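Welcome! Here is a short briefing on a ligand and the protein around it. Take a look at the structure first, and then we can go through the binding site together.

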Amino acid sequence: MAEPVQTPQAAFPTRIFSGIQPSGGLTLGNYLGALKRFVEKQEEGIETIYCMVDMHAITVWQDPVKLRQQTREGAAAFIAAGIDPARSILFNQSQVSAHVELGWIFNCIARMGWMSRMTQFKDKAGKNSENVSLGLFAYPSLMAADILAYKATHVPVGDDQKQHLELCRDIAIKFNNDYGVNFFPIVEPVIEGAATRVMSLRDGTKKMSKSDPSDQSRINLTDDADTIAKKIRKAKTDPEPLPETLDGLKDRPEARNLVNIYAALAGHTPEQVIRDYAGAQFGTFKPALADLAVEKLEPITLEMNRLMQDPAEIDRILGQGADRADAIARPIVDQVYDIVGMVRSRRS
Ligand code: TYM
């Protein structure tokens with residue numbers, strides 16, 4: 001084995017990559033924890049690459065008709081939320097084969113022990129771990145490939161993806177060390193803002209998720225104004241008014257969640273929200289939150305619906321994005337094949 005080498009990060013220009021699974025409709029958690037922040041990064045003028053990760057989605061069986069629909073709907077959500085396909089690269093993962101090619105190489109870098117410690121795998125597999133797909137176990141190594149096929153340096157995600165990004169760093173370090181190269185950057189997770197972990201509206205200790213069996217637990221980006229307002233009005237809370245300081249929310253997960261959601265939607269800090277609503281009952285706070293949520297989400301939903309009327313146009317955008325993504329990832333993955341010692345003798 002080659003000598004370990006240091007990886008000076010300055011050698012890698014800033015590039016953002018992130019992805020969302022089309023395994024169901026998108027939620028308020030996806031919007032506040034990911035999409036809204038993806039747009040902010042684009043507006044900062046950084047190179048941004050965003051992906052509907054359909055290959056990840058099939059680690060759990062997906063109805064093919066729904067998968068296609070959800071992939072297009074996710075892309076529509078990106079655009080409706082403010083992603084400009086001319087400035088950001090927007091595509092679906094399966095159209096760029098570099099991801100799975102590098103994913104296989106990373107399967108040979110990642111260790112069984114590392115993968116076995118992934119809490120999301122343990123949560124998703126539950127007691128059924130003998131019967132889940134091999135792909136679900138290997139999922140985080142494909143995720144590392146998504147990022148590193150572009151040598152991305154920064155990855156905006158919600159808090160639940162933190163462990164996967166640590167694994168991505170471990171894979172990059174081991175690859176660089178095993179082959180004695182300074183090839184892959186060690187990525188920085190970007191987990192910031194008031195809503196890095198939006199919780200269920202029915203249980204403040206559980207993450208809001210598109211796979212929760214209860215639709216009341218989440219706000220979907222496809223919900224209309226009435227449904228959003230109703231779900232917020234019915235959200236679980238406690239009988240106390242909002243406290244004077246953030247500290248007073250410590251043991252009140254549902255109240256804390258609603259304050260965080262308000263803050264993220266308004267673009268304020270949770271401290272500011274508490275200052276404005278100190279002493280308010282939920283009878284006052286919930287309608288204010290419902291109004292704010294409708295004001296921010298309704299235009300996105302309407303634009304998504306409009307875009308979904310023309311699926312051919314969405315496919316065209318994804319195809320163009322995939323061509324641009326491929327132009328970056330192909331030479332990187334070709335260099336990886338050289339580094340690991342594959343004979344490369346085809347002419348095309
Ligand atoms: P996924 O599809 O579960 O979620 C997409 C993004 O939304 C964030 N998110 C949340 N943020 C705050 N509160 C919530 N309740 C909430 N629910 C979801 C997630 O953290 C994520 O940022 N493995 C990834 C997809 C992926 C990926 C990648 C991400 C595949 N390859 C490469 C970044 C880079 C996933 O399943 O996200």
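Which pocket does the space taken by the ligand correspond to? The ligand takes up the space of the largest pocket. Please keep in mind that this is a predicted model.

**The shell around the ligand**
- The ligand is surrounded by 27 residues, and the closest are Tyr139, Asp146, Gly158, Asp160 and Val198.
- Sorted by class, this shell holds 12 nonpolar, 10 polar and five charged residues.

**Polar contacts**
- Tyrosine 139 uses an N or O atom of its side chain, which lies 2.6 Å from a nitrogen atom of the ligand.
- Valine 198 takes part through its backbone, where a polar atom is 2.8 Å from a nitrogen atom of the ligand.
- Glutamine 21 also offers a backbone N or O atom, and this one sits 2.9 Å from an oxygen atom of the ligand.

**Cover and contributing elements**
- On its own, the ligand has 710 Å² of accessible area, and the protein covers 97% of that.
- Three elements give two or more residues each to the shell: β1 (15-20), α1 (28-43) and α7 (134-148).

**An annotated motif**
- An unreviewed UniProt entry places a short sequence motif, the 'HIGH' region, at residues 22-30.
- Across residues 22-30 the chain is 33% helix and 0% strand.
- The C-alpha atoms at the two ends of this stretch, residues 22-30, are 11 Å apart.

Technical notes. Residues numbered from 1 in each chain as written. Predicted model: local features only at pLDDT ≥ 70, side-chain atom pairs only at ≥ 80, totals over all residues. Heavy atoms only, no water. UniProt positions renumbered as here; feature names shortened; annotations may be inferred. Helix = DSSP H or I, 4+ residues; strand = E, 2+ residues; numbered from the N terminus. Near = heavy atom within 4 Å. Polar contact = N/O pair within 3.5 Å; in protein donor to acceptor, adjacent residues only side chain to side chain. Areas by Shrake-Rupley, 256 points an atom, 1.4 Å probe, with all protein chains shown as cover. 1 Å grid on protein atoms, 1.4 Å probe; cavity = no way out; pocket = protein on both sides within 12 Å on 5 of 7 lines; lining within 4 Å. Sits in = over half its atoms within 2 Å of the grid points. Nonpolar A, V, L, I, M, F, W, Y, C, P; charged D, E, K, R; others polar.
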